[in-house]
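Got the viewer open and a selection box ready? Let's take a short walk through a few places worth clicking on.

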Amino acid sequence: GLAKAGQISTVIVDPQNPDIVFVAAIGNAWKPNAERGVFRTTNGGKTWKKLLFVNDTTGAADLVMQPGNPKVLFAAMWHVRRYPWTLVNGGMSSGIYRSTDGGDTWKKLTKDLPPGPWGRCALAIAPSNPNHIYALIDAKHGLLWSSMDMGKHWTAISNSHRLDVRPFYFSKMVVSPSNQNKIFFLSMKLMESTNGGKTAFYADKGVHVDHHAIWID
């Protein structure tokens, strides 16, 4: 299954077992296909199992694991299809899914979150507070959302367009390992917030625009 998955958005290695690897795949964005969603290997990549599949036009745009608990995962599913002349970005099949059993079963989260349709969504968990998760959602109502209880309840934090310029193209963020309120947003400009996303400022200090990856030691 994974050999034909096409574009891969996220790879996570189980910190307790390096033979267990999770992959979030957008799949072939140019046509409906079954190789979309979340995959897992338990033997170091020799074989793969598809764990989360919504439909043949909805892929996995992001995947995060709760620090200290590899059984808890969150996946951001994204309805997306490319054509030579346009991009279909978003639909009712997009959403956030949570697993509490290592990916065997998944539940779509809807409580307190904005109604669909959604575009692309990014996820990030605070290492200093593993129950604190952020979601950057391309939706009409609100943009940055926060949950302090692993997705049971959500609060809208910000609707600032600067956090997610061109959502289908960027949509990435990372939380500081030592401060749950310090977030970096990868957008046209690299944005930084020190108050949990309520406000943010430019952090790139002269670096060229167009940010797609960031790593914190």
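Here is a tour with stops along one strand and its partners, then a single serine.

Keep in mind as you click that this is a predicted model.

**Stop one: strand 6.** Select residues 69-82, which make up strand 6. Is this strand mostly enclosed or open? Of its 14 residues, 10 are buried, so the rest of the structure largely encloses strand 6.

**Stop two: strand 5.** Add residues 58-66 to get strand 5. Strands 5 and 6 pair in the antiparallel sense, with eight bridges between them. For one facing pair, show alanine 60 and methionine 77: the alanine stands opposite that methionine of strand 6. Now go to the hairpin of these two strands, where two residues lie between them. Pick out glycine 68 here and check its backbone: phi is positive, near 85 degrees.

**Stop three: strand 8.** Next, select residues 95-99 for strand 8. It runs antiparallel to strand 6, and five bridges join the two. Click alanine 76, then look across to isoleucine 96 in strand 8, its bridge partner.

**Stop four: strand 7.** Residues 87-89 are strand 7, which pairs with strand 6 in the antiparallel sense over three bridges. The hairpin joining strand 6 to strand 7 goes through four residues. Arginine 82 has leucine 87 of strand 7 as its bridge partner.

**Last stop: serine 158.** Jump to strand 13, residues 155-158, and select serine 158. With a relative accessible area of 9%, serine 158 counts as buried, because the cut-off is under 20%. What does serine 158 contact, leaving aside its neighbours within four places in sequence? Show Gly142, Leu143, Leu144, Leu163, Gly197 and Lys198.

Technical notes:
Residues are numbered from 1 along each chain as its sequence is written. This is a predicted model: local features need pLDDT of at least 70, side-chain atom pairs count only at pLDDT 80 or more; totals for chains, interfaces and linings use all residues. Side-chain values use heavy atoms; hydrogens and water are left out. Buried means under 20% relative accessible area, exposed over 50%, partly exposed in between (1.4 Å probe, protein chains only). Contact means heavy atoms within 4.5 Å. Two strands pair if DSSP finds at least two bridges between them.
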